Amino acid sequence: MKTPKRLQPLVDEGLIDEVIRPLMSGKEADVYIVRCGDDVRCAKIYKEADKRSFKKAVEYREGRKGRNSRRTRAMEKGSNYGRQEQEQAWQNAEVDALFRLANAGVRVPTPYGCFDGVLLMELITDEAGYVAPRLNDVSLTAEMATAHHALVMKDVQRMLCAGLIHGDLSEFNVLLDHTGPVIIDLPQAVDAAANNNAKRMLLRDVNNMTQYYGQFSPALLTSKYAQEMWLKFESGDLLPDTVLTGQFVESEHSADIESVLAEIQAAFEEEQERKARIQAETEDEF
Ligand SMILES: Nc1ncnc2c1ncn2[C@@H]1O[C@H](COP(=O)(O)OP(=O)(O)OP(=O)(O)O)[C@@H](O)[C@H]1O
Ligand SMILES: [Mg+2]
C-alpha cells in the first residue's frame with residue numbers, strides 16, 4: 001500500500017521495509033502492520049494531543065519525572081516548548097513501559113523502539129499467524145478463564161514490582177495469543193510509588209479483569225487480589241514470586257481506629273486550609 005505520511009521517515013531510515021495494511025484506528029493511535037526485513041511487525045502512530053480523546057491525562061501524569069529540570073519546568077508552565085516535551089514524554093512513556101515490563105517478565109509485545117512518534121513492536125498473532133483477537137471478542141471455558149485470570153494477576157503483580165500500574169487495563173487492552181493473555185496499550189501507565197491515584201487505578205484494573213473472567217468462571221468474582229497486592233507492596237513485601245491467595249481480610253486493617261481518625265483529622269485540616277485560601281483569594285480580588 002501507499003506509505004502513510006507519518007511512516008515515511010521510518011521507511012527512509014530503513015526501519016520499515018514495507019507497509020502491509022492498516023490494522024486499527026483507535027482513539028489515541030492508528031495501528032499498521034508493517035514488514036521489517038523478514039519480520040512482520042506492528043507500528044502504532046500516536047495522534048497529536050489535540051486529536052486524542054484522553055481526558056484525564058493529568059491524573060495519569062502525576063509522579064512522572066521529566067528527564068531534566070528545564071524540561072519539567074517547561075512542562076509545568078505549558079509553554080510551546082513544554083507542550084512539545086509533554087507530547088514526547090507521552091509517546092516515550094509507552095515504549096519505556098514496554099521495555100521495563102518485558103524485562104520484568106510481563107507478557108507484552110516486544111518493543112523495538114519509538115521513532116518520530118511511531119512505536120514499533122511485535123505483532124501479536126494467534127497460532128495460525130492471524131492477528132490476535134482482543135479478549136472482548138472471545139469467549140472462554142471456565143477452566144481457561146480461571147487459568148488466564150491467574151496469569152493476568154501474576155502479570156499485574158510483576159508490573160507492580162517493576163513500579164508500574166497499567167491504568168487502563170480491561171478486556172479491550174488484552175490480546176489473546178496461543179500462549180495466553182498479552183497486555184497492550186500502555187501510554188498511560190502510572191508510577192506506582194509516586195502517583196496518588198495508584199491504588200485506585202490498581203483496584204480498577206484488577207476489578208475490570210476479574211469481572212471479565214468472572215463471566216466465564218463466577219468463583220473468581222469474590223477474589224481480592226488488588227487489595228492483597230497493594231498491602232504487600234506498601235509494606236515492601238511484594239516480590240514477583242510472592243504467592244498470593246486472592247483473599248484479603250478487611251477487618252484486620254479497618255480496626256486500626258487511630259489511623260482512620262488521623263486521616264479524618266488531616267482531611268478536616270485540609271478542608272479548613274482550602275476554605276481559608278479561597279477566602280484570602282476572594283478578598284484579594286476586591
Ligand atoms: N502489538 C499488537 N499486536 C496486534 N494487535 C495490536 C497490537 N497493538 C495494538 N493492536 C491492535 O490495535 C488496537 C489499538 O491499539 P491500542 O489499544 O494500543 O491503541 P489505542 O489507540 O489506545 O486504542 P483504544 O483507544 O481503542 O484503546 C488494539 O485494540 C489491537 O486490536
Ligand atoms: Mg487500546
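## Helix α7 and what it packs on

The buried residues of α7 lie against α5, β6 and α6 (198-214). Helix α7 itself covers residues 225-234, and its buried set is Tyr225, Ala226, Glu228, Met229 and Trp230. Keep in mind while you turn this around on screen that the model is predicted. Right after α7, Gly236 has a positive phi of about 75°.

There's a handy bit of helix geometry to go with this. An α-helix has 3.6 residues a turn, so residues three or four places apart point the same way.

## Two residues to look at: His149 and Ala198

His149 is a good place to start on the α5 side. This histidine sits in helix α5, which runs over residues 142-161. With a relative accessibility of 2%, His149 counts as buried, because the cut-off for that is under 20%. Setting aside residues up to four places away in sequence, His149 touches Met209, Thr210, Tyr213, Leu220, Ser223 and Tyr225. One of those, Tyr225, is also on the list of buried residues of α7.

Over in helix α6 you'll find Ala198. Its relative accessible area is 1%, so Ala198 is buried too. Neighbours within four places in sequence aside, Ala198 is in contact with Ile165, Asp191, Ala192 and Trp230. Trp230 is another of the buried residues of α7. If you'd like a distance to check, go from Ala198 to Gly167: they're 31 residues apart in sequence, and 8.2 Å separates their C-alpha atoms.

## The magnesium site

Which residues hold the magnesium ion (ligand 2)? Asn173, through OD1, and Asp185, through OD, coordinate the ion at 2.1 to 2.2 Å. Asn173 comes from the loop between β6 (164-165) and β7 (174-177), while Asp185 comes from the loop between β8 (180-183) and β9 (190-191), so the pair ties together parts that are 12 residues apart in sequence.

Are these two buried or exposed? Asn173 has a relative accessibility of 8%, so Asn173 counts as buried. Asp185 comes in at 16%, and therefore counts as buried as well.

## The shell around ligand 1

Ligand 1 is surrounded by 20 residues, and the closest are Lys44, Glu122, Ile124, Arg134 and Asp185. Asp185 should look familiar, as it also coordinates the magnesium ion. By class, the shell has 12 nonpolar, two polar and six charged residues. Strands β1 (18-25), β2 (29-36), β3 (39-46) and β5 (118-122) each give the shell at least two residues.

Now for the polar contacts. A polar backbone atom of Ala29 is 3.0 Å from an oxygen atom of ligand 1. An N or O atom in the side chain of Arg134 also lies 3.0 Å from a ligand 1 oxygen. Asn173, the magnesium-coordinating residue, places a polar side-chain atom 3.3 Å from an oxygen of ligand 1. On its own, ligand 1 would expose 600 Å², and the protein buries 94% of that.

## The chain as a whole

Stepping back, the chain has nine helices and nine strands. Of its 286 residues, 40% are buried. Among contacts with a separation of 6 or more, 61% are between residues 24 or more positions apart. The accessible surface of the chain is about 16,400 Å², and carbon and sulfur atoms account for 51% of it.

Terms used:
Residues are numbered from 1 along each chain as its sequence is written. Chains are lettered from A and ligands numbered from 1 in the order in which they are written. This is a predicted model: local features need pLDDT of at least 70, side-chain atom pairs count only at pLDDT 80 or more; totals for chains, interfaces and linings use all residues. Side-chain values use heavy atoms; hydrogens and water are left out. Helices (H or I, at least four residues) and strands (E, at least two) are DSSP runs, numbered from the N terminus. Buried means under 20% relative accessible area, exposed over 50%, partly exposed in between (1.4 Å probe, protein chains only). Contact means heavy atoms within 4.5 Å. Donors are N, O and S atoms within 2.8 Å of the metal (3.2 Å for Na, K and Ca); water is not among the atoms, so sites may look incomplete. A residue is near a molecule or strand if one of its heavy atoms lies within 4 Å of it. A polar contact is a pair of N or O atoms within 3.5 Å; within protein, one must be able to donate a hydrogen and the other to accept it, and residues adjacent in sequence count only if both atoms are side-chain atoms. Accessible areas come from the Shrake-Rupley method with a 1.4 Å probe; for residues, only the protein chains shown count as cover. Ala, Val, Leu, Ile, Met, Phe, Trp, Tyr, Cys and Pro count as nonpolar, Asp, Glu, Lys and Arg as charged, and the others, Gly among them, as polar.
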